[in-house]
Amino acid sequence: MITALKEKNELPFEWIDITNPTKVELSEISSKYNLHRALVEDSLQPEHLPKYEKIDNIQFLILRVYSSKATHKADTIQELTDKIAIFIDSGFIITIHRMKYNFLEEICEQQVANGKCQSTFDILQRIILRALLTYDAPLHELMREIESYEPKMFLEKKIPSLLEDLYYVKRQAYVINKVLHLSKSILDNLQDKIPTPDLNNLKDTLIGLHTNSDQVMDNSTTVLNTYISLTSQRTNEVVRILTIFSVFFMPLTFIVGIYGMNFDFMPELRWHMGYFMVLLGMVGVTVAIYAWFKRKGWL
């Protein structure tokens, strides 16, 4: 659907927004504004990463915004983010996307209509800023989720199964980190088009988000290593207890095995005190093992 968010009347540029475009609509727009065929095809492909290209006077860039439909188990760029393709020149800006983004209309109503945007690149820097800020809340949610795992691991008697959750947290942070890293090249190519204060604001926002994603990745790695260590420690504790039990019962089983062979010529079988002496010997072996373990500090 083609929508003219801003037509040429008061300002010397227009803003065309296309939601969930068809090939016919894109062909019409391509012919009207002389857009390059390869770039138009790129705007239709959902898997494209952030990038910047320029052909003649028309600049083309792809932004990826955090998807409102992203689930807890989403772990790919296509599942976590959506694409916005933008064609821009001094006389027009064309935004192409499959999902509806309210912030585009908000920019038009609150800033373009009020005369705060005097050029297409003023609109562009606001779109980039709002696209970057879509990652702010998800990153804070990932950080909060990481922090919630520590008391679960250290305070609960039984360690819950967190391996899958930690994987998705780390994977999502990695995807966001990669998208933000690729977005840096877009800002580098717009240095001559966006005023320095606005460009610095975009860079500061990008750096802050990139730092937060790095922190989430580092924290998730630390928590994952801690989780594995605690799980191994608990397993070792169980194995240690089982080993202690086996050490106590191995000599007792050996004694019982000998006296359970039922040979006729075992002298102790005819001795009326044999049974009690064997029991006394078992108790003595158990006490000796216990004293040895206690001396070694294993109990």
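About 70 Å³ of space lies inside the largest cavity of this predicted model. In general, rolling a probe the size of a water molecule over the atoms reveals where empty space is left. Just one cavity of 30 Å³ or more turns up in the structure. Its walls draw on strand 4 (58-66), helix 5 (120-133) and helix 7 (163-189), the elements that each give two or more residues to the lining. Helix 7 chips in the most, with five residues. The lining residues include Leu 63, Arg 64, Ile 128, Tyr 135, Ser 183 and Leu 206. Sorted by type, the lining of the largest cavity comes to ten nonpolar residues, one polar and one charged.

Strand 4 deserves a look of its own. Nine of its nine residues are buried, so strand 4 is largely enclosed by the rest of the structure. As a general rule, side chains in a regular strand alternate between the two faces of the sheet. Here, Ile 58, Phe 60, Ile 62, Arg 64 and Tyr 66 point one way, while Gln 59, Leu 61, Leu 63 and Val 65 point the other way, and all are buried.

Strand 4 also has partners. Strand 3 (residues 51-55) runs antiparallel to strand 4 and is joined to it by five bridges; one pairing matches Tyr 52 with Leu 61. The two strands make a hairpin with two residues between them, and Asp 56 in that turn has a positive phi of about 60 degrees. Strand 5 is antiparallel to strand 4 as well, with eight bridges between them, and Val 65 sits opposite Asp 82 of strand 5.

Next comes the largest pocket, which holds about 200 Å³ of space. It is lined by 15 residues, and the closest to its centre are Pro 46, Asp 82, Lys 83, Arg 98 and Met 99. Asp 82, then, is both the residue facing Val 65 and one of those closest to the pocket centre. Helix 2 (37-44), strand 5 (81-88) and strand 6 (92-97) each supply at least two lining residues, and strand 5 gives the most, with three. The mix in the pocket lining is six nonpolar, five polar and four charged.

Finally, there is helix 8. At 1.5 Å a residue, its 64 residues (196-259) should span 94 Å, and the end C-alpha atoms are 93 Å apart, which agrees. Helix 8 still bends by about 30 degrees at Phe 249, with a proline, Pro 251, following within four residues.

Conventions: Residues numbered from 1 in each chain as written. Predicted model: local features only at pLDDT ≥ 70, side-chain atom pairs only at ≥ 80, totals over all residues. Heavy atoms only, no water. Expected span 1.5 Å × (residues − 1). Bend = angle between axes of the 7 residues up to and from the residue. 1 Å grid on protein atoms, 1.4 Å probe; cavity = no way out; pocket = protein on both sides within 12 Å on 5 of 7 lines; lining within 4 Å. Points joined across faces, edges and corners; volume = space filled by probe spheres on them. Nonpolar A, V, L, I, M, F, W, Y, C, P; charged D, E, K, R; others polar. Buried < 20%, exposed > 50% of the residue type's maximum accessible area, 1.4 Å probe, protein only. Pairing = 2+ DSSP bridges.
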